[in-house]
Amino acid sequence: MTEPTRSFDSSAVQRRESQGASTLGVATARGRGCFAALALVCLVGLAPAPSQADDAAQVAAGKKVYDTYCVVCHGVNGDGKGLMGVIHRAQQSGIVVYTYPRDFTAGMYKFRTTPTGSLPTDADLMRTITNGIPRSAMPSHKDLSVEEREAVIAYIKTFSKRWTEQEVMAPIAIGAVPDYVGSSESIARGKQLYDDAGCVECHGASGQGDGPSSPELKDNWGDKILPFDFTSGGLKGGTSPTDIYRTFATGLDGTPMPSYEGVLEPQQGWDIVSYCLELMAGAQVAQR
Ligand code: HEC
Ligand code: HEC
């Protein structure tokens, strides 16, 4: 197999990182640009005209589901300030972090197939609600009917005007997993890229989430957040090679985890996946 050797442009990552910088200021400024763009789209009259009665009925049904299953954590106002408050505490390298329920009023989502800074698809929300989010206490709701899950998705969208002002972008295309993923050559290339692309800064040389930047990281809500510890088991967004690739292609919005879309060539991405799997090897996949 002939695999081209590509040099890695680390300045591109720097630009990306500052673009996705995790401050509310940046997020708002970015949001505003998009709102303006969308307003234009609406003026031109491209916005779809949904059947309003059906929508209202679905939102009402979704509110019932929400008030039964979600409100205790995500709160009456969808701001993540439900009665349960702090619901997950973890300790890593002596640093304690708390994971709070998502604040839906920000309209910002971590686990998407769509590009950084954009809204998730309904399928993304369905996956999160169905599977839950490991290591965060967000439970699986696979026992709810599909209609109930669809309705609650419609309801949580009412908490943020991003959903009426912005379009959902198409998912980032991720091809089939190449055969070389997991080969020793790919792992070696991936290890180099893990350093060059700056993963090591946050995730650490041993992959334990203890890189030099890790003690300082905060999410967009100002709460301390730690990079993933690859030796600790399952990822929040799924543990297949494709899930890992998706994580750094899309970035996790609202967290310091940047998007590398357009920065890494596909082969470089899959080589990094090989190295991530290597870091995870031997670790038991965490039970949900
Ligand atoms: C026991 C508390 C709890 C309950 C109950 C709960 N959640 Fe969550 N949820 C969380 C936490 C915590 C997070 C944040 C996880 C993280 O950021 O790692 C979250 C995150 C989310 C996200 C954001 C995913 C993303 O991509 O950022 C969605 C959507 C969501 N929950 C929907 C729901 C819905 C709908 C229900 C009810 C059917 C529900 N949750 C019930 C705790 C809960
Ligand atoms: C600026 C710091 C930073 C950099 C650079 C960074 N990450 Fe992350 N990464 C994070 C944080 C913080 C999280 C945890 C997010 C959370 O738990 O919500 C994370 C989470 C992850 C996850 C777990 C996702 C999940 O579903 O649980 C993977 C995989 C990952 N990063 C891979 C990478 C790779 C590969 C690179 C380099 C190409 C990289 N990261 C660069 C900060 C960073």
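**Surroundings of the two ligands**

Helix 9 makes the greatest contribution to the shell around ligand 2, giving four residues. In this predicted model, that shell comprises 26 residues, of which Cys199, Cys202, Lys236, Gly237 and Met257 are the closest to the ligand. The elements that give two or more residues to the shell around ligand 2 are helix 9 (199–203), helix 10 (241–250) and helix 11 (266–280). When sorted by class, the residues surrounding ligand 2 are 17 nonpolar, six polar and three charged.

Helix 11, one of the elements that line ligand 2, was examined further with respect to its geometry and packing. Because a rise of 1.5 Å a residue is expected, the 15 residues of helix 11 should span 21 Å, and this agrees with its end C-alpha atoms, which are 21 Å apart. Within helix 11, the buried residues are Gly269, Trp270, Asp271, Ile272, Val273, Ser274, Tyr275, Cys276, Leu279 and Met280. These buried residues of helix 11 pack against helix 8 (184–196) and against helix 10, and helix 10 itself gives two or more residues to the shell around ligand 2.

Ligand 1 is surrounded by 26 residues, and the closest of these are Cys70, Cys73, Phe111, Ser136 and Met138. At least two residues of the shell around ligand 1 are supplied by each of helix 4 (71–74), helix 5 (122–131) and helix 6 (146–156). By class, the shell around ligand 1 consists of 17 nonpolar, six polar and three charged residues.

Note on methods: Residues are numbered from 1 along each chain as its sequence is written. Chains are lettered from A and ligands numbered from 1 in the order in which they are written. This is a predicted model: local features need pLDDT of at least 70, side-chain atom pairs count only at pLDDT 80 or more; totals for chains, interfaces and linings use all residues. A residue is near a molecule or strand if its C-beta atom, placed from the backbone, lies within 6 Å of it. Ala, Val, Leu, Ile, Met, Phe, Trp, Tyr, Cys and Pro count as nonpolar, Asp, Glu, Lys and Arg as charged, and the others, Gly among them, as polar. The expected span of a helix is 1.5 Å times one less than its number of residues. A residue is buried if 20 or more other C-beta atoms lie within 10 Å of its own, exposed if 12 or fewer, and partly exposed in between; C-beta atoms are placed from the backbone. Two residues are in contact if their C-beta atoms, placed from the backbone, lie within 7 Å.
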